[in-house]
Amino acid sequence: IFFRFFPNPYPEMIAAPRQSILSRPIRKNAPLRNTENIDVEYEHSQARLHAKQQRYQEQEDYRRRCLEGTREEKVHLQEERRQEMQEAVTWKSSRKLQEKAHDKTVVDRSMQRQEYCQDAEKSAEAQKREYLKSVMEENKRLAEERRREADRRKVADQERERQGGSFLDRT
């Protein structure tokens, strides 16, 4: 409505109208792979339908036995439920045992890892101590050598002074 009265300065910015689904071309041939797989797809769908019908039939049969069954059928259903609950309890207890065993292995591994790390730290500290000790001994040895060299020079200078007068006299 706005552009009826005022011309649009940017006609390229107007969006194109959406295409209708009705204007799409109709395919004349079905894809080849679908025609090749029709039998397989039909068999799969029939198998799914049969399985679904069987499940519904089992549920209906179970409900009928629960509501309208004979005494023997009800006793049998109670026994089935009792067995299912017993299986659930045994599965749960075995699961707990598995979880405990897993937790124990995790704890054992973490303790081993911690001990390994502590041993590595101790060995690193011992190596560092040994290195620092060797550096200290080397420094002591060098200081001793410097002191001896200084003593030798001192003795040599004293000997020179005793032997000759001054430096200028010798030249």
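In which helix of the protein chain is confidence lowest, and in which is it highest? Colour this predicted model by pLDDT and take the two ends of the scale in turn. Select residues 2-5 to start: that is helix α1, where confidence bottoms out at a mean of 54. Where pLDDT is low, the coordinates should not be read in detail, so don't linger on side chains there. Now jump to α4, which has the highest confidence, at 94. For the chain overall, the mean pLDDT is 86, with 81% of residues at 70 or more.

Next, zoom out and show the cartoon. You'll find 5 helices and 0 strands, so to speak a plain α-α-α-α-α run from the N terminus on.

Switch on the surface. The protein chain exposes about 17500 Å², and carbon and sulfur atoms supply 54% of that area. Looking for buried residues? Just 2% of the 171 residues count as buried.

Now select α3 (residues 38-68) together with α4 (residues 71-163). Their axes come within 8 Å and cross at roughly 120°, and the crossing of α3 past α4 is left-handed. To see what makes the contact, show sticks for Tyr62, Arg64, Arg65, Cys66 and Leu67 on the α3 side. On the α4 side, add Glu73, Lys74, His76, Leu77 and Arg81. Colour those sticks by class and the contact of α3 with α4 splits into 5 charged, 4 nonpolar and 1 polar residues.

Technical notes
Residues are numbered from 1 along each chain as its sequence is written. This is a predicted model: local features need pLDDT of at least 70, side-chain atom pairs count only at pLDDT 80 or more; totals for chains, interfaces and linings use all residues. Side-chain values use heavy atoms; hydrogens and water are left out. Axes are lines fitted to C-alpha atoms, for helices over the stretch in contact, and angles run from 0 to 180 degrees between N-to-C directions. Helices (H or I, at least four residues) and strands (E, at least two) are DSSP runs, numbered from the N terminus. A crossing is left-handed if the near helix is turned anticlockwise from the far one by less than a right angle, and right-handed if clockwise. Contact means heavy atoms within 4.5 Å. Ala, Val, Leu, Ile, Met, Phe, Trp, Tyr, Cys and Pro count as nonpolar, Asp, Glu, Lys and Arg as charged, and the others, Gly among them, as polar. Buried means under 20% relative accessible area, exposed over 50%, partly exposed in between (1.4 Å probe, protein chains only). Accessible areas come from the Shrake-Rupley method with a 1.4 Å probe; for residues, only the protein chains shown count as cover. pLDDT is the predictor's confidence in each residue, from 0 to 100.
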